[in-house]
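Hi,

Here is the structure I promised to pass on. Have a look at it first, and then read my notes below.

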Protein chains: 2
Amino acid sequence: MKQFTVGKLSSEAEINVETVRYYESIGLMPKPKRTESGYRVYSEADLGRLKFVKKSQRLGFTLKEIKELLFMRIDEETTCRDLKEMAEQKIKEVDSKIRELKKIKKALEILASQCHSSGPKSECPILENLEK
Amino acid sequence: MKQFTVGKLSSEAEINVETVRYYESIGLMPKPKRTESGYRVYSEADLGRLKFVKKSQRLGFTLKEIKELLFMRIDEETTCRDLKEMAEQKIKEVDSKIRELKKIKKALEILASQCHSSGPKSECPILENLEK
DNA sequence: CTTGACTCCGTAGTATGCTACAGCCCTTAT
DNA sequence: ATAAGGGCTGTAGCATACTACGGAGTCAAG
């Protein structure tokens, strides 16, 4: 069974050593076994966990939510449906962010289109609009 | 010419008093005149500036960028075109965020669709996928 | 056996944008 | 006159997610 030092683990997961320690401090990574001299010793399962964290993060989950996902992963009470709900909740959040950004984009486009890059700045419709 | 205390100003702009002071500390709001007893005194122009900040913020500009916008607003060298470029740059940023979120949304939807909310959690495709 | 890379710990700093608090002074209404 | 409700300052805290640093001990290669 493979074992890793914190440096190996973090390079495998393409993550900073400090970040691994940080994750440990907030309970996202478990407290690992130690060598006699105090060095952290990680297993393949720990690497999997770290990758789980990274992947979840890329999907827009916060560390707090990932902590919950990790708990659900081992919790007896958690059902498949619970996990699906978690994903669907996140979809809703992402979707509402998208809609908000689209509104912002539209507003900016209107602003930009009103300005013809000529004339004195004092009459620039962008400034005029922002000042309203 | 209307004058405001910090409390009046902040309630007019629907912003926290502390936030106004914070904006002053980072140079986003100017150091206002003071009464003899040291109270801040604001003008209508200051209120306009505060609203400018709020509106820009709603359009996705960071405080740092707003600081620049405020500078451009009074800078002689700044042209209308510069402002338009600033807006277009922000449009690009917003657009790239939207595209990123759409990717995330799609990935989450695939994840959720694979799970039929039944069967043991140990075989939940959501977990399986996240563990890869 | 030495040297350099790695690890340890705790604390503090970064970035963003506020928000809260303590202990005091000032203003305004009753 | 007094009390409530502002306002003042400086510092610290919150939330998120790291990143850096100092001063030490440890391990492995040559």
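**What I found**

Keep in mind that this is a predicted model. I'll begin with the DNA. A polar backbone atom of A:Leu63 is 3.2 Å from a phosphate oxygen of DNA strand D. B:Arg40 also uses its backbone here: one of its N or O atoms lies 2.6 Å from a phosphate oxygen of strand D. B:Arg21 goes for a base instead, with a polar side-chain atom 3.4 Å from a base oxygen of DNA strand D.

Now zoom out a bit. DNA strand D is surrounded by 18 residues, and the closest are A:Ser37, A:Tyr39, A:Gln57, B:Tyr39 and B:Arg40. Of the strand D atoms that come within 4 Å of the protein, 70% belong to sugar and phosphate. The residues of this surface divide into six nonpolar, eight polar and four charged. Two helices, H2 (17–25) of chain A and H1 (6–12) of chain B, each supply at least two residues of it. H2 of chain A gives the most, with four residues.

Next comes the other strand. Around DNA strand C there are 18 residues, the closest being A:Thr5, A:Arg34, A:Arg40, B:Tyr23 and B:Gln57. Here sugar and phosphate make up 72% of the strand's atoms that come within 4 Å of the protein. If you want to find some of the contacts on screen, try these three:

- A:Arg40 has a polar backbone atom 2.6 Å from a phosphate oxygen of DNA strand C.
- B:Thr19 has a side-chain N or O atom 3.3 Å from a phosphate oxygen of strand C.
- B:Tyr39 has a polar side-chain atom 3.4 Å from a base oxygen of strand C.

The elements giving two or more residues to the surface near strand C are H1 of chain A and helix H2 (17–25) of chain B. H2 of chain B has the largest share, four residues. By type, the residues near strand C split into six nonpolar, eight polar and four charged.

One residue I'd click on is A:Ser10, in helix H1 (residues 6–12) of chain A. Is A:Ser10 buried or exposed? A:Ser10 counts as buried, because its relative accessibility is 2%, and the cut-off for buried is under 20%. Its side chain reaches the backbone oxygen of A:Val6 at 2.8 Å. Setting aside neighbours within four places in sequence, A:Ser10 is in contact with A:Ile15, A:Asn16, A:Val17 and A:Val20.

Then there are the cysteines. Why do A:Cys124 and B:Cys80 not form a bond? The closest cysteine sulfur to that of A:Cys124 is in B:Cys80, 3.3 Å away, and that is too far, because a disulfide needs the two sulfur atoms within 2.5 Å. Looking from the other side, B:Cys80 has A:Cys124 as the closest cysteine sulfur. The count comes to zero disulfides over all chains. Both cysteines are buried: A:Cys124 has a relative accessibility of 0%, and B:Cys80 has 3%.

Last, the layout of chain A. Its domain assignment gives domain 1 (3–78) and domain 2 (87–132). The centres of these two domains, taken over C-alpha atoms, are 39 Å apart.

Have fun with it!

Technical notes. Residues are numbered from 1 along each chain as its sequence is written. Chains are lettered from A and ligands numbered from 1 in the order in which they are written. This is a predicted model: local features need pLDDT of at least 70, side-chain atom pairs count only at pLDDT 80 or more; totals for chains, interfaces and linings use all residues. Side-chain values use heavy atoms; hydrogens and water are left out. A residue is near a molecule or strand if one of its heavy atoms lies within 4 Å of it. A polar contact is a pair of N or O atoms within 3.5 Å; within protein, one must be able to donate a hydrogen and the other to accept it, and residues adjacent in sequence count only if both atoms are side-chain atoms. Ala, Val, Leu, Ile, Met, Phe, Trp, Tyr, Cys and Pro count as nonpolar, Asp, Glu, Lys and Arg as charged, and the others, Gly among them, as polar. Buried means under 20% relative accessible area, exposed over 50%, partly exposed in between (1.4 Å probe, protein chains only). Contact means heavy atoms within 4.5 Å. Domain bounds come from an automatic or database domain assignment.
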